[in-house]
Amino acid sequence: MEPDNHTWVGEFILLGLSSDWVTQVFLFALFLGMYLLTVLGNLLIALLIRLDSRLHTPMYFFLTNLSLVDVSYATSIVPQLLVHFLAEHKVISFVSCAAQLFFSLALGGIEFVLLAVMAYDRYVAVCNPLRYSVIMHGGLCARLAITSWVSGSINSLMHTAITFHLPLCTNKYIDHISCEILAVVRLACVDTSSNEVAIVVSSIILLMTPFCLVLLSYIRIISTILKIQPTEGRKKAFHTCASHLAVVALCYGMAIFTYIQPHSGPSVLQEKLISLFYAIFTPMLNPMIYSLRNKEVKGAWQKLLGKFSVLTSKLAT
């Protein structure tokens, strides 16, 4: 009888980005700085929205959710990545690997749905401004946000369960920076075509569907903006949507490239770079995009800094 090569492993070894010590120290310093900027920037955006009553609108309610998702996503991957840069043995336990896959996959799905919700909010604001406050009332905003969080979590729970139910080979080396779903599936000793089909189906539901809704929303938005006669009004409307469009372009593009065709998708190196992009670059850039291109946010920053300056001067005297 042939020996059974299937096994259940208790831990994995992540190969990461490089085995060179100098390179790892450099990457540790670089990514630590970027992670701290990510956490600080997103938490400041959320705090600013909470403190300034002028920002208590549906758009900024969803932006707060996006900031929390970005911080959580970065935190699910980057701290472990930083530890492994300085560790001789880059080991992650089975439970920690499953938890990392669940949270990163859930938060990614939440962000895709949330961006579609934000596109709908901009569609109502531009195409139906007189009824905006009636349509985007507090109850609807809360339900849309909850739908984003629940749909992403359920999708991730399903994929985490079926992925870690696979019998794994004796090879426990994951050629990735984290427990990413495609990297873990590759360790299986059995045919994984059903897993790949599940990834494609969930990508269509949780990635392509929101992406199509975003496209439809912005087609309607642009057609409405082009009908605005005063040039100043047209510029203002475009400016309102520009930051959201920039984030959408960053988030959807690489995910579609990675997950719609998991069998013939990017190389292992490309997968690592894409994961870094989502874990570090996108969460770090989002606060900059929304604050630098948004007059309301810049005005709120100036107001907050003015109050802080007055308070500081009073304490000094």
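The following questions and answers introduce this predicted model.

Reader: What is the average pLDDT of the protein, and which helix has the highest mean pLDDT among its elements?
Author: The model is predicted, and the protein averages a pLDDT of 83, with 87% of the residues scoring at least 70. Among the elements, helix α8 (residues 231-259) has the lowest mean pLDDT, 71. The highest mean, 94, belongs to helix α5 (residues 138-164).

Reader: How many helices and strands does the protein have?
Author: Along the sequence, the elements follow the pattern β-α-α-β-α-α-α-β-α-α-α-α-α. The protein therefore has, with helices and strands taken as DSSP runs, 10 helices and 3 strands.

Reader: Does helix α1 span what its residue count predicts, or how far apart are its end C-alpha atoms?
Author: Helix α1 covers residues 21-51, which is 31 residues. At 1.5 Å a residue it should span 45 Å, and the model agrees with this, because its end C-alpha atoms are 44 Å apart.

Reader: Which residues of α1 are buried?
Author: Across the whole protein, buried residues make up 46% of the 317 residues. In α1, the buried residues are Q24, L27, F31, M34, Y35, T38, G41, N42, I45, A46, L48 and I49.

Reader: Which helix gives the most residues to the largest nonpolar core?
Author: The largest nonpolar core holds 59 residues, of which F31, L115, M136 and Y252 touch the most other members. The greatest contribution to this core, 13 residues, comes from helix α2 (residues 58-86).

Reader: Which residues are in contact with M136, leaving aside its neighbours within four places in sequence?
Author: M136 is one of the residues that touch the most other members of the largest nonpolar core. With its neighbours within four places in sequence left aside, its contacts are P58, F62, Y120, D121, V124, C141 and L144.

Reader: How many residues does the second, separate core have?
Author: This core is separate from the largest one, and its members include L105, L166, I174 and L182. Its number of residues is 20.

Reader: Why does S202 count as buried?
Author: S202 lies in helix α7 (residues 193-225). Apart from residues up to four places away in sequence, S202 touches N155, H159 and L207. Buried means under 20% relative accessible area, so S202 counts as buried because its relative accessibility is 10%.

Reader: What share of the exposed area do carbon and sulfur atoms supply?
Author: The protein exposes about 16200 Å². Of this area, carbon and sulfur atoms supply 69%.

Key. Residues are numbered from 1 along each chain as its sequence is written. This is a predicted model: local features need pLDDT of at least 70, side-chain atom pairs count only at pLDDT 80 or more; totals for chains, interfaces and linings use all residues. Side-chain values use heavy atoms; hydrogens and water are left out. pLDDT is the predictor's confidence in each residue, from 0 to 100. Helices (H or I, at least four residues) and strands (E, at least two) are DSSP runs, numbered from the N terminus. A nonpolar core is a set of buried Ala, Val, Leu, Ile, Met, Phe, Trp, Tyr and Cys residues joined through side-chain atoms within 4.5 Å. Buried means under 20% relative accessible area, exposed over 50%, partly exposed in between (1.4 Å probe, protein chains only). Contact means heavy atoms within 4.5 Å. The expected span of a helix is 1.5 Å times one less than its number of residues. Accessible areas come from the Shrake-Rupley method with a 1.4 Å probe; for residues, only the protein chains shown count as cover.
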